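Here is a short, friendly walk through a structure, written for someone who likes to know the cut-offs behind each word. Please have a look at the model first.

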Protein chains: 2
Amino acid sequence: MKWCRVEVGGRAIYALLEDSRLLELDGPPFAGGRSTGQRHRVEDVRFLPPVVPANFYAAGANYRFHVEWAKEYHRMSALKIPEQADVGYRSPSALIGSGADIVIPADSTGPVEYEGELVAVIGKTAKRLSEREALSCVAGYTLGNDLSERAWQISDRTLWRCKNADTFKPMGPFVVDGIDPMAQSIGVRISGRTVSEYGTSAMLFSVTHWISRMSQYVTLHPGDVLWLGCDGATIPALKPGDVVEVFNQAIGVLANRVVPGES
Amino acid sequence: MKWCRVEVGGRAIYALLEDSRLLELDGPPFAGGRSTGQRHRVEDVRFLPPVVPANFYAAGANYRFHVEWAKEYHRMSALKIPEQADVGYRSPSALIGSGADIVIPADSTGPVEYEGELVAVIGKTAKRLSEREALSCVAGYTLGNDLSERAWQISDRTLWRCKNADTFKPMGPFVVDGIDPMAQSIGVRISGRTVSEYGTSAMLFSVTHWISRMSQYVTLHPGDVLWLGCDGATIPALKPGDVVEVFNQAIGVLANRVVPGES
């Protein structure tokens, strides 16, 4: 199953991808959304983030090479290979869908870098799941671009504006189920040139471990998302005019153009 | 105006406090909620968090004495007096209303401490407000208890479970407008004994500064909340059986009993 949330004719709807067309649903599949019978052409819709999470979790440092690279390349001396799976947060206000513009704030000195990530979408209320049970609460997987303004990431006490400025969290385009989250290839292209490609098998902590551990302390809710971190270097930096694409064979392509903000 | 969100007869409703009774509204006041004509007795309702924020912001370190105290008392060597207003996040999944139980996870070694805070509730969409304009987007103020498991706060890479375990974010009971957020007294009682009392005039960064600065980078949305930090020491630690109350003359009393979690 492959589904999305889109705007069409001024309405935000959920839809299933079927034979290259979008079959409208009356709600998200994980909440029992059913077909309305209406079909839309993909070229007639605007993609929205597939869910608006009540709780927006991010694994952050979840790949050894990325942490080691960022520590050295960006001189982020405080970075360490994490010893346990402690999740962080992002803010829903920063979400945009595939096709929307990424706006770099006028006073950003940069660099602003991409981080292409696999995202788990929660479909069921869950508490205290074992690792064996963990994936039973997952509705499917999508893609995220955890855009990061590295100067603010170093200067600020928290990650608020470096990772959560308006438009800094592209997510989508589709949610797919039935894939193995630990056997995916995640790639990033800038204006057509592949700049990153890595396998999710290198995660420091597995998806089952993250979900099981989190659920010991916090109730997971339908629509919550867990961004799973990225591997590798995240250069070159983005500049206005670039189109940045995060891609995965099963999920599709999350594409966003970069534009300058107004001062 | 003094309003709340409560459960009554199995329904979650907004209500205005009028002559010691609750006048039911068909939506939150900041979204134009109007009277349905129905009235309820305060003793017949269960208080809910007054809003469920899409974006849950926390100032964190916003009072000099509290930072200095925590650094020394809890040996939190990484704590510093912040040089700029960099906001952090909490998770809506941890919210409970006044009257609900705070559950201390069975594997917490403690201490679990209270942090009684003033909370600004956003009522209007806002971007790029000056400090002069900042309070124009605030619907009113409520109280929050930023419960903190100090062992996890020190051991973990993030604040996820120390501050966001289920039930760790009591908020309420009422939202009031027309008060000066920089001239409030915030107190905390444990089982009837006052253990903390401080004035919001000692904030390191004012409410107008927080909101103006945040809004330069992120759009603020109706229902978002900004918890403004606490001053002073936050001892003694809470233990099962305690009733912890955060109080302010205009807003009222946010009261929650502490119970042990099941292992």
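The report below goes from the pairing of the chains to the domains, the core and some backbone details.

This is a predicted model, in which local features need pLDDT of at least 70 and side-chain atom pairs count only at pLDDT 80 or more, while totals for chains, interfaces and linings use all residues. Residues are numbered from 1 along each chain as its sequence is written, and chains are lettered from A and ligands numbered from 1 in the order in which they are written.

**How the chains pair**

A turn of 180° with a shift of 0.0 Å along the axis lays chain A on chain B with an RMSD of 0.0 Å (least-squares superposition on the C-alpha atoms of residues with pLDDT of at least 70 in both copies). This is the relation of a two-fold axis. The same surface serves both copies, as 100% of the contact residues of chain A recur in chain B; residues are in contact if their C-beta atoms, placed from the backbone, lie within 7 Å.

The contact draws 23 residues from chain A and 23 residues from chain B. On the chain A side, strand 7 (88-89) and helix 3 (160-164) each supply at least two residues, and the largest share, three residues, belongs to helix 3 of chain A. Helices (H or I, at least four residues) and strands (E, at least two) are DSSP runs, numbered from the N terminus. By class, that side of chain A holds 10 nonpolar, eight polar and five charged residues. Here Ala, Val, Leu, Ile, Met, Phe, Trp, Tyr, Cys and Pro count as nonpolar, Asp, Glu, Lys and Arg as charged, and the others, Gly among them, as polar.

**Domains of chain A**

Chain A splits into domain 1 (1-48) and domain 2 (51-260), with bounds from an automatic or database domain assignment. Their centres, taken over C-alpha atoms, are separated by 24 Å. In chain A, 12 residues of domain 1 are in contact with 13 residues of domain 2. Strand 1 (2-8) and strand 5 (46-48) of chain A each give at least two residues to the domain 1 side, which has 10 nonpolar, no polar and two charged residues.

**Core and helix 1**

The largest nonpolar core has 148 residues, and Val119(B), Ala120(B) and Val121(B) are among those with the most contacts inside it. Such a core is a set of buried Ala, Val, Leu, Ile, Met, Phe, Trp, Tyr and Cys residues joined through C-beta atoms within 7 Å. Buried means that 20 or more other C-beta atoms lie within 10 Å of a residue's own, exposed 12 or fewer, and partly exposed in between, with C-beta atoms placed from the backbone.

In helix 1 (residues 64-73) of chain B, His66(B), Val67(B) and Ala70(B) are buried. Seen down the axis of helix 1 of chain B, the buried residues fall within an arc of 100°, so they line one face of the helix; the arc is that of the directions from the helix axis to the C-beta atoms. Glu68(B) and Glu72(B) are exposed on the other side of helix 1 of chain B.

**Backbone details**

Two non-glycine residues with positive phi make a small table.

| Residue | Phi | Loop |
|---|---|---|
| Thr167(A) | about 80° | between helix 3 and strand 14 (169-176) of chain A |
| Ser20(B) | about 65° | between strand 2 (11-18) and strand 3 (21-25) of chain B |

Thr167(A) is buried, with 21 other C-beta atoms within 10 Å, whereas Ser20(B) counts as exposed, with 7 C-beta neighbours inside 10 Å.

How values were computed
Two residues are in contact if their C-beta atoms, placed from the backbone, lie within 7 Å.
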